[in-house]
Amino acid sequence: MKTTLKMLALLLMTTTGFSFGQSTEPDGRTYAVRAMTLKKGMDAKAFEAYAMAKLNPTFRKVPGIEARLVKADRGTDAGRYLFIYFYDSKATRDHYYPQEDATEYSKAFLEIIPKIENALRGVYEFVEEDPETSTYTDYVFIE
């Protein structure tokens, strides 16, 4: 876990300017992190190709959000994947997900489901995690 956090910290430092670097939101860019473990027998290259071909372009259609798959290539967590949502601000994250552990979806989230549903289902075909019950952590940059 400590190595995963170090990897995440390095990733976030290097992606700070990637697309939301000019954010003027007062409440900080927000990153939602989901750890992913490939199902036994799944092809890692196919998973990575799927993410590049389907996941990245799909999230370009959603205002204020990007999503990326990253893989640890060294250290304790080598081979482990993280799926990271990049929100341009905490306000954007809260727009789509206004309450932590909500039992109902927000209107804003229901509006983006048709844009992202197929791409996300594809991701979860490759990994052990269940999108409805997997654990997560959201981070807000201290800026």
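This report describes the confidence, helix α4, the nonpolar cores and the salt bridges of one predicted protein model.

**Basis and confidence**

The structure is a predicted model, in which local features need pLDDT of at least 70, side-chain atom pairs count only at pLDDT 80 or more, and totals for chains, interfaces and linings use all residues. Residues are numbered from 1 along each chain as its sequence is written, and side-chain values use heavy atoms, with hydrogens and water left out.

The predictor's confidence in each residue is given as pLDDT, on a scale from 0 to 100. The chain has a mean pLDDT of 81, and 79% of its residues reach 70 or more. Residues 5-25 have pLDDT below 50, and this stretch has 35 contacts in the model beyond near neighbours in sequence. A contact here means heavy atoms within 4.5 Å. Where pLDDT is low, the predicted coordinates should not be read in detail.

**Helix α4**

Helices (H or I, at least four residues) and strands (E, at least two) are DSSP runs, numbered from the N terminus. Helix α4 covers residues 107-126, which is 20 residues. From its first C-alpha to its last it reaches 29 Å, close to the 28 Å expected at 1.5 Å a residue. The expected span is 1.5 Å times one less than the number of residues. A kink of about 60° in α4 is centred on P114; the bend at a residue is the angle between axes fitted to the seven residues ending there and the seven starting there.

Relative accessible area sorts residues into buried (under 20%), exposed (over 50%) and partly exposed (in between), using a 1.4 Å probe and protein chains only. The buried residues of α4 include F109, I112, I116, L120 and F126. Among the elements that cover the buried residues of α4 are β1 (30-36), α2 (44-59), β2 (65-71), β3 (81-87) and α3. One contact with α4 can be followed from T58, a residue of helix α2. T58 counts as buried at 10% relative accessibility, and, leaving aside neighbours within four places in sequence, T58 is in contact with K115, I116 and A119.

**The nonpolar cores**

A nonpolar core is a set of buried Ala, Val, Leu, Ile, Met, Phe, Trp, Tyr and Cys residues joined through side-chain atoms within 4.5 Å. The largest such core has 28 residues, and F47, L55, F59, I65 and Y85 touch the most other members. The elements giving two or more residues to this core are β1, α2, β2, β3 and α4. The largest share, 10 residues, comes from α4. Apart from this core lies another, of six residues, among them Y31, V33, L82 and F86.

Not counting residues up to four places away in sequence, F47 touches L38, L69, Y81, V123, F126 and V127. F83 has its place in strand β3 and is buried, with a relative accessible area of 1%. With the same exclusion of residues up to four places away, F83 touches A32, V33, R34, M36, L55, A67, R68, L69 and L120.

**Salt bridges**

A salt bridge is a side-chain nitrogen of Lys or Arg within 4 Å of a carboxyl oxygen of Asp or Glu. By this rule there are seven salt bridges. Three of them are listed here.

| Pair | Closest N and O distance |
|---|---|
| D94 and K90 | 4.0 Å |
| D94 and R93 | 2.7 Å |
| R93 and D138 | 2.8 Å |

R93 and D138 link distant parts of the chain, with R93 in helix α3 and D138 in strand β4 (residues 137-140), 45 residues apart. D94 and K90 are four residues apart in helix α3 (residues 90-96), and so are separated by about one helical turn. An α-helix has 3.6 residues a turn, so residues three or four places apart point the same way.

The accessibilities of these residues can be set side by side. D94 is partly exposed at 26%, K90 is partly exposed at 31%, and D138 is partly exposed at 25%. R93, in contrast, is buried, with a relative accessible area of 13%. A network of salt bridges links R34, K90, R93, D94 and D138.

Helix α3 also holds T92, which counts as buried at 13% relative accessibility. Not counting residues up to four places away in sequence, T92 touches P63, G64, I65 and Y87.
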